[in-house]
4 protein chains.
Amino acid sequence: MTYMHNDSTITGGRRPPGRPKDMAHLHRRREDILECATKLFASRGFRNTDLKSVADQLGVAKGTIYNYFDTKNDLFFACLAYGMQRMRASIDQETADATSTFQLLERGMHAYFAFFDANPDLVELLVQERAEFKTRETSTYFQHVEQRKARWVDLYETLRRDGIFRDIPGEKIFEFVNHQVYGALFANYFSGRKQSLQELTAPILDIFYRGVLSEKEQIQGT
Amino acid sequence: MTYMHNDSTITGGRRPPGRPKDMAHLHRRREDILECATKLFASRGFRNTDLKSVADQLGVAKGTIYNYFDTKNDLFFACLAYGMQRMRASIDQETADATSTFQLLERGMHAYFAFFDANPDLVELLVQERAEFKTRETSTYFQHVEQRKARWVDLYETLRRDGIFRDIPGEKIFEFVNHQVYGALFANYFSGRKQSLQELTAPILDIFYRGVLSEKEQIQGT
Amino acid sequence: MTYMHNDSTITGGRRPPGRPKDMAHLHRRREDILECATKLFASRGFRNTDLKSVADQLGVAKGTIYNYFDTKNDLFFACLAYGMQRMRASIDQETADATSTFQLLERGMHAYFAFFDANPDLVELLVQERAEFKTRETSTYFQHVEQRKARWVDLYETLRRDGIFRDIPGEKIFEFVNHQVYGALFANYFSGRKQSLQELTAPILDIFYRGVLSEKEQIQGT
Amino acid sequence: MTYMHNDSTITGGRRPPGRPKDMAHLHRRREDILECATKLFASRGFRNTDLKSVADQLGVAKGTIYNYFDTKNDLFFACLAYGMQRMRASIDQETADATSTFQLLERGMHAYFAFFDANPDLVELLVQERAEFKTRETSTYFQHVEQRKARWVDLYETLRRDGIFRDIPGEKIFEFVNHQVYGALFANYFSGRKQSLQELTAPILDIFYRGVLSEKEQIQGT
DNA sequence: AATGAATGAGTCTTCATTCAT
DNA sequence: AATGAATGAAGACTCATTCAT
């Protein structure tokens, strides 16, 4: 039974009773929580981060966090989604106005590395996700990869048809690039030294395009 | 009390009082625990695995585990070390009698992939390590990589001096291969589909050696 | 701040400054809250009902409830009082114009059962009260019983003096009836089957008046 | 994989390894917990009793309780079952060697009241059960009642056939007695005064057998 | 060496209540 | 008067570790 004696004729039906919601405030706070939690999840690990410490860090009560996220797990996945969304936005923006195929490839890889140079916490979150939530079908990250896959495979196939790429299936090439990029990302993360990823773009593309064998060897190898 | 190498040389080889220790039994049980714990840590995650379940799985009491390993952390790191040791042994054996540089490279990569095809649990352990023990300087895996690094870099430098590889620093090449291999490993793990890694060896080496650009393009690109 | 009788006599009947309070509205809303809370307390239990759900059900904010009742406990006791008051009114009305002693007894019992047939929630509230507020001296319900006791005992004593009832203390008879009625009420509640209580009046009074022994046995028993 | 190197041939397969279980101790402790928890649940209510206080009362750690009962709910239901089992045992014993129908009725009622005089906590538990666990089909107590019902109805029917009871369905009589007894129990509980229930047996049976009307009235009433 | 009962610190989560607007 | 975000105390439950037998 809903309360019905709300005499809306008085206000002409325009304004609801009570204090109006401050949407901006809610949105801002939600993001504050996401950013703070991301930082802590990343630096201490999901299981070693208790919500009390997130709240303390924010100068907020524990209960407040629960006003924005139902459970600790939910908060974690929201951090993940928030990070992934920013990643997508960042890469899309960087690659939007590429004028050539090669430029697209270079910008894509560069944008990817640049984003993670600036947001290493997201790598940590991806690792945490896999470590703690084993039951999940696919990781958030790979859902993203799958979504973008077709686009890249098409690109590679075009280059192959045009005789620019050798006769290698686009899918294989995609896999190769994907592994390279992914490996660089995680190797950097796992090795503990936080070097710049962006700088890898050029050397990676060099080998990717031309291989390591000298000209002489390539001819012999044929 | 952790199980350690019971240095019988201390007693000068004379038989100590009491029932003689059944070293084989102790050693065997230690490995049983390691194998069982590895499986559970890998499938459920470190934090989601309680020692009670390890003990139950072994048909042993919880206290028994503590006779072999001081803490849960110790057990985890012992699992990791046990896995890494087996990985090293496996790869070393496969690459021992390579007769050419190219064969060494191929066998090395193949041995690596073959090992993880057969022991996917170790990948999980490496991820768990990074997820839970953030304070550790370097991950167990990268300690291994660093140890072997010089050897490979030397190899690449030789090939470069001999004019077989292009004029790319051995270190860069090492990094490239390392990322590729590492990326393949974790991509496979994170994506959830358990495909064969071994099959990747050939296509990876193909691109690694010759790049993706067609002959025509390579010449133009010069 | 709890809603209370706004004693307008204090201001001498002169109109207070500001917008005049819409007493009817306040009163009506107060009853809405009581009715909604009663339903939820009854169906979920006091401790399993949070004020948020009461507010939601009413389509009102949580804070609004606190404008009418100081605490959750207060709200509960108000529900109880509201229910008891309605019970008393209902029974008093039904028994007001009884013309004979027997009719009074029958109508009393019938009115009692009829009320709880129509308002099973109140039984739940009485149980909740006892379950949660152990410190309270007597239960709300038994305060009521005690208030009415003298009246019934007097009645029974009269019947006894008049030789209509056997030589049993009025208090004993009262207790017997009370237990019977009370037992019927709670047995029905506890057993889970919601049968009609009203139908019990006739069979109960039959045994109450004449006992179960056959005429023959009664004589022998003497 | 279960641990299999347990060389049972050494011990001839007779004794399991490790400290043998002290069954008596476990059983005793379980009952200690049940008794202590029953007391606290009864005096403070289920929701107002935290397991820490049960543990403290027992001079035991909180975790210990969880070694014996999986959840707080489980502990509660175990208390309930424990109490009901003792009730059944007590009543069965008292009524076992009754030589006549009347004796059986009297002893049954007396045993019932005597048990609850000695174990008032069980009444509280029954109320708590109904208050907190609304979803449960039937209350533990009424499951018991239903089990015993047939026996009593048969008895009453026999007395009716033999002309000892009036022509009232056994079921009705059972219901009447049940309500009386149940009402006495809960009225006593709810009213707060802890009077003796046993003393009620005689007056209840008196009215139950012969009714309240005087001989004269009974004849007229016919 | 093996056992498993006991321990208790650590955390997530709930929800009555407050109060600025 | 109404609103609902913020608060923080309270409590159920987990599990690594200890230790007497």
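The legends below describe close-up views of a predicted model of protein chains with DNA strands. Residues are numbered from 1 along each chain as its sequence is written, and chains are lettered from A and ligands numbered from 1 in the order in which they are written. Local features need pLDDT of at least 70, side-chain atom pairs count only at pLDDT 80 or more, and totals for chains, interfaces and linings use all residues, while side-chain values use heavy atoms, with hydrogens and water left out.

**View 1. The relation between chain A and chain B.** Two copies of a chain are related by a rotation about an axis and a shift along it. Here a turn of 180° with a shift of 0.0 Å along the axis lays chain A on chain B with an RMSD of 0.1 Å. This is the relation of a two-fold axis. Both copies use the same surface, since 100% of the contact residues of chain A recur in chain B. The superposition is by least squares on the C-alpha atoms of residues with pLDDT of at least 70 in both copies.

**View 2. The interface of chain A and chain B.** Chain A gives 58 residues to the contact and chain B gives 58 residues, where contact means heavy atoms within 4.5 Å. About 5300 Å² is buried between the two chains, with carbon and sulfur atoms giving 55% of this area. Buried area is the accessible area (1.4 Å probe) that two parts lose on being put together, summed over both. On the side of chain A, the residues A:R166, A:F190 and A:V212 supply 15% of the area buried against chain B, more than any other three residues.

**View 3. Polar links and helices between chain A and chain B.** The interface of chain A and chain B holds 4 salt bridges, each a side-chain nitrogen of Lys or Arg within 4 Å of a carboxyl oxygen of Asp or Glu. One salt bridge joins the side chains of B:K134 and A:E124 (2.0 Å, N to O). There are also 30 residue pairs in polar contact across this interface, both residues at pLDDT 80 or more. A polar contact is a pair of N or O atoms within 3.5 Å; within protein, one must be able to donate a hydrogen and the other to accept it, and residues adjacent in sequence count only if both atoms are side-chain atoms. The elements of chain A that give two or more residues to the side touching chain B are α1 (23–44), α6 (120–132), α7 (140–161), α8 (170–191), α9 (201–210) and α10 (215–221). Of these, α8(A) provides the largest share, 14 residues. Helices (H or I, at least four residues) and strands (E, at least two) are DSSP runs, numbered from the N terminus.

**View 4. The interface of chain C and chain D.** The contact takes 58 residues from chain C and 58 residues from chain D. Together the two chains bury about 5300 Å², 55% of it on carbon and sulfur atoms. In chain C, the residues that lose the most area to chain D are C:R166, C:F190 and C:V212, together 15% of what that side buries. Between chain C and chain D there are 4 salt bridges, including one between the side chains of D:R166 and C:D206 (3.3 Å, N to O). The interface also has 30 residue pairs in polar contact.

**View 5. The protein around DNA strand E.** Of the 40 residues around DNA strand E, those that come nearest are A:K62, B:T64, C:K62, D:R29 and D:T64; a residue is near a strand if one of its heavy atoms lies within 4 Å of it. Sugar or phosphate accounts for 64% of the strand atoms within 4 Å of the protein, and bases for the rest. An N or O atom in the side chain of A:K62 is 2.3 Å from a base oxygen of DNA strand E. Phosphate oxygens of DNA strand E lie 2.6 Å from a polar side-chain atom of B:R29 and 2.6 Å from an N or O atom in the side chain of D:T64.

**View 6. The protein around DNA strand F.** DNA strand F is surrounded by 40 residues, of which A:R29, A:T64, C:R29, C:T64 and D:K62 are the closest. Of its atoms within 4 Å of the protein, 66% belong to sugar or phosphate and the rest to bases. A phosphate oxygen of DNA strand F lies 3.1 Å from a polar side-chain atom of A:H25, and a phosphate oxygen lies 3.0 Å from a polar side-chain atom of B:Y66. At C:G63, a polar backbone atom is 3.3 Å from a base nitrogen of DNA strand F.
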